[in-house]
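User: I have a model open and want to go through how its pieces pack. Can we take it one part at a time?

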Amino acid sequence: MEESISQSSIEDICKQIHGNLGNITLLVRVFMSQSTQHECQKIREKYMEMYNEDLFDHLHNKIDGGASKTCTILSLLMINPHERDAIVAKNAIFKERDCVNYKALIEIYVGRKSSHFFLIQQAYQSKFRRHLDQDIMSIEPPHSYQKILMALSASQKAHSADVSVHIGKCDAQRLFQTGEATSGGFKIDEGIVLEILSKRSIPQLKLTFSIYKHIYGHSYTKHFKNKYHGEFEEALRFVVKFLRNPPKYYAKALEANIKGKTTDESSLERIITSQSETNMKNIRKLYKNIYEMDLRDAIIESIPIGDYRDLLVGLIMKSNNDL
């Protein structure tokens, strides 16, 4: 592992940035030369100390300009992960009028550890003077995702980190008996589903849906698409797919964005920024297995030459340190 940069090195970097503040290419090169996002955050702190100016605010003010996507990523690299997720959540709810990005919210509510989720809620309240759960419940028009997100919020408060095969089997049986086993065709009991989602930890829920597939020979959501397909079923299907295999979800979401097959235009920078230091190795491996191409090569092939492409490639290649 590389040693952390020294205080004198940070000061030199800050002087270099200050003398070339409008040079986005330089900023990309500087921040990609740092081994961790934590070091990027230390540069922001030192820059504020030296010049009484916030690099985050400087970049955030440029987000509506020509270098919008590049500045978005650079600004997100300068803040801690839970503050970053708080910003992502706020944008998911309010950025596009009448178009809530529920998938971005599910990534946070399902994909973060309980300790991290608590810090996200704190950061949201501190930064925006609002409560995340209340903002989600207040979304109009109402959507089934809201009920599922509130259940998952309760799930994140589960104190036990242990998982139980016995509980997983019991919950899987309840889901079967109130779903496939009901007379008159497949039907979902929303109350039972929401109860299980709210009372079990995320790792326990993941185990439960794996046990369901093991016992009954197919995934819990198999019949949702063809036999019984409503708003709640569609939302639940997405949540279960993400729960069971987050790297596979991320790989497919990245491919959809790279190929221009999604309306979620922010997914590329959101996923790469949040996963570059945690899960990118697994995401790249799955991406290559599914699409027979390395994610780096896919980005180089599909995105024009420039700072944005260089930044994306630099972030995903940081996972090479773990390969």
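User: What covers the buried residues of H10?
Analyst: The cover includes helix H7 (102–111), helix H8 (114–128), helix H9 (132–137), helix H12 (190–199), helix H13 (202–216) and H14. Covering here rests on contact, meaning heavy atoms within 4.5 Å. Helices (H or I, at least four residues) and strands (E, at least two) are DSSP runs, numbered from the N terminus. This is a predicted model: local features need pLDDT of at least 70, side-chain atom pairs count only at pLDDT 80 or more, and totals for chains, interfaces and linings use all residues. Residues are numbered from 1 along each chain as its sequence is written, and side-chain values use heavy atoms, with hydrogens and water left out.

User: How many residues of H10 are buried?
Analyst: 10 of the 12, so H10 is largely enclosed by the rest of the structure. Buried means under 20% relative accessible area, exposed over 50%, and partly exposed in between (1.4 Å probe, protein chains only).

User: Which ones?
Analyst: Ser144, Tyr145, Gln146, Ile148, Leu149, Met150, Ala151, Leu152, Ser153 and Ser155.

User: What span should H10 have, and what are its ends doing?
Analyst: Its 12 residues (144–155) should span 16 Å at 1.5 Å a residue, and the end C-alpha atoms are 17 Å apart, which agrees. The expected span is 1.5 Å times one less than the number of residues.

User: Anything odd just before H10?
Analyst: Glu140 and Pro141 are joined by a cis peptide bond, with omega about -5 degrees. Pro141 sits in the loop between H9 and H10.

User: Now Leu197. Is it buried or exposed?
Analyst: Leu197 counts as buried, at 2% relative accessibility. It lies in helix H12.

User: Which residues is Leu197 in contact with?
Analyst: Leaving aside neighbours within four places in sequence, Leu197 contacts Ile148, Ala151, Leu152, Ser155, Leu205 and Leu236. Leu197 and Leu152 are 45 residues apart along the chain, yet their C-alpha atoms are separated by 5.9 Å.

User: And the largest nonpolar core, which members touch the most others?
Analyst: Of its 92 residues, Ile17, Phe31, Leu152 and Leu236 do. Helix H14 (residues 231–244) gives the most to this core, with 8 residues. A nonpolar core is a set of buried Ala, Val, Leu, Ile, Met, Phe, Trp, Tyr and Cys residues joined through side-chain atoms within 4.5 Å.

User: What does Phe31 touch?
Analyst: Not counting neighbours within four places in sequence, Phe31 is in contact with Ile17, Cys40, Ile43, Leu55, Leu74 and Met78. Cys40 and Ile43 are among the buried residues of H3, and Leu74 is one of those in H5.

User: Why is H5 called largely enclosed?
Analyst: Because 8 of the 10 residues of helix H5 (residues 68–77) are buried. The cover includes helix H2 (24–32), helix H3 (37–51), helix H4 (55–60), helix H6 (81–94), helix H16 (267–275) and H19.

User: H19 again. At what angle do H18 and H19 pack?
Analyst: Helix H18 (residues 295–302) and helix H19 (residues 307–317) pack at about 175 degrees, with their axes 10 Å apart. Axes are lines fitted to C-alpha atoms, for helices over the stretch in contact, and angles run from 0 to 180 degrees between N-to-C directions. The pair is therefore roughly antiparallel, a label for angles over 145 degrees.

User: Which residues meet there?
Analyst: Leu295, Arg296, Ile299 and Ile300 in H18 meet Arg309, Leu312, Val313, Ile316 and Met317 in H19. By class, that contact has 7 nonpolar, no polar and 2 charged residues. The classes: Ala, Val, Leu, Ile, Met, Phe, Trp, Tyr, Cys and Pro are nonpolar, Asp, Glu, Lys and Arg are charged, and the others, Gly among them, are polar.

User: Backbone next. What is phi at Asn52?
Analyst: Near 55 degrees, a positive value in a residue other than glycine. Asn52 is in the loop between H3 and H4 and is exposed, with a relative accessible area of 65%.

User: And what about Arg129?
Analyst: Arg129 has a positive phi of about 55 degrees although it is not a glycine. It lies in the loop between H8 and H9 and is exposed at 68% relative accessible area.

User: His131, then: what does it touch?
Analyst: Tyr124 and Gln125, not counting residues up to four places away in sequence. His131 counts as partly exposed, at 38% relative accessibility.

Note on methods:
Angles under 35 degrees count as roughly parallel, over 145 as roughly antiparallel, 65 to 115 as roughly perpendicular and the rest as oblique.
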